[in-house]
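Reader: Got a minute to walk me through this one? I'd like to start with the packing, then go to the surface.
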Amino acid sequence: MSPKPPLVLVHGLWDTPNVFRRLRQHLEDWPAPILAPHLPHKLGFTPLKTLAQDLELAIDEAFGPDQTIDLLGFSMGAVISRTWLQLYGGHRRTRRFVSLGSPQNGTLVAQPWPRALVPGVADMKVGSALLRQLNSDSSLLRGIDCISFYCPWDLMVIPAWTGVLPVGPIVRLPVWNHRELIQSPRSLVPVSSHLLAG
């Protein structure tokens with residue numbers, strides 16, 4: 001088995017890297033560095049393309065421009081991650097991408113928010129320009145080991161069943177809400193097991 005690459009964890013809206021504290025405990029056996037950069041979303045004011053560029057800078061600073069990585073994004077963090085993968089060349093250096101509880105096709109929760117006020121939130125509207133761009137061509141994701149984990153009762157990603165990538169397996173997790181996706185062992189055990197297995 002080839003050695004695992006570094007793992008990058010990308011947080012979402014209203015979160016910090018500390019949201020991954022429990023997940024990191026489940027990844028004690030990860031044999032490479034784990035990076036969880038802080039991406040200042042400014043309560044949704046920062047557009048997701050800007051955050052994707054910030055993610056690229058953080059990865060390059062930590063590992064250089066050529067190191068292969070594994071990538072996990074939680075909530076909005078997985079849309080940021082996907083934006084980096086598809087629009088900023090991240091697909092060329094990413095082995096595996098895990099989307100956890102993420103509005104990959106938008107969420108009705110974001111619909112009322114005007115782009116002029118919170119463009120980062122508006123990027124997650126159903127049918128937003130960013131999501132249309134990402135969904136228009138998913139071919140760059142096909143060379144990556146992609147998987148989507150979701151919760152059917154997620155009240156942040158509505159409708160929850162649309163919160164999945166257009167490629168790769170889809171796994172329904174037996175948790176009751178969005179926050180449990182990143183806190184409950186019922187989610188963290190299968191997610192960490194998937195990461196550690198490959």
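Author: Sure. Contact here means heavy atoms within 4.5 Å. Keep in mind that this is a predicted model.

Reader: OK. What does L71 touch, leaving out residues up to four places away in sequence?
Author: L71 touches L7, V8 and V10. It also touches S81, W84, L85, T94, R96, F97 and V98.

Reader: Which residues touch the most other members of the largest nonpolar core?
Author: V8, L48, L55, L71, I80, W84 and F97. That core has 31 residues.

Reader: Which elements give two or more residues to it?
Author: β1 (7-10), α2 (48-63), β3 (69-74), α3 (76-87) and α5 (129-136). The largest share comes from α3, with 6 residues.

Reader: And what is in the second core?
Author: That one is separate and has 23 residues, including L9, L100, I147 and L188.

Reader: Surface now. Which residues make the nonpolar patch?
Author: W14, L43, V109 and M156. The patch covers about 410 Å².

Reader: Why does M156 count as partly exposed?
Author: Because its relative accessibility is 34%, and partly exposed runs between 20% and 50%. M156 sits in the loop between β5 (145-150) and β6 (170-172).

Reader: Where is P159, and which peptide bond is cis?
Author: P159 is in the loop between β5 and β6. The bond from I158 to P159 is cis, with omega near -5°.

Reader: What about L43's backbone: what is its phi?
Author: Near 60°, a positive value in a residue other than glycine. K42 also has a positive phi, about 55°. L43 lies in the loop between β2 and α2, and K42 is found there too.

Reader: Is L43 buried or exposed?
Author: Exposed, with a relative accessible area of 60%. K42 counts as exposed as well, at 60% relative accessibility.

Note on methods
Residues are numbered from 1 along each chain as its sequence is written. This is a predicted model: local features need pLDDT of at least 70, side-chain atom pairs count only at pLDDT 80 or more; totals for chains, interfaces and linings use all residues. Side-chain values use heavy atoms; hydrogens and water are left out. Patches are made of residues with over 30% relative accessible area and no salt bridge: like charges are joined within 9 Å, nonpolar side chains (Val, Leu, Ile, Met, Phe, Trp, Tyr) within 5 Å. Accessible areas come from the Shrake-Rupley method with a 1.4 Å probe; for residues, only the protein chains shown count as cover. A salt bridge is a side-chain nitrogen of Lys or Arg within 4 Å of a carboxyl oxygen of Asp or Glu. Helices (H or I, at least four residues) and strands (E, at least two) are DSSP runs, numbered from the N terminus. Buried means under 20% relative accessible area, exposed over 50%, partly exposed in between (1.4 Å probe, protein chains only). A nonpolar core is a set of buried Ala, Val, Leu, Ile, Met, Phe, Trp, Tyr and Cys residues joined through side-chain atoms within 4.5 Å.
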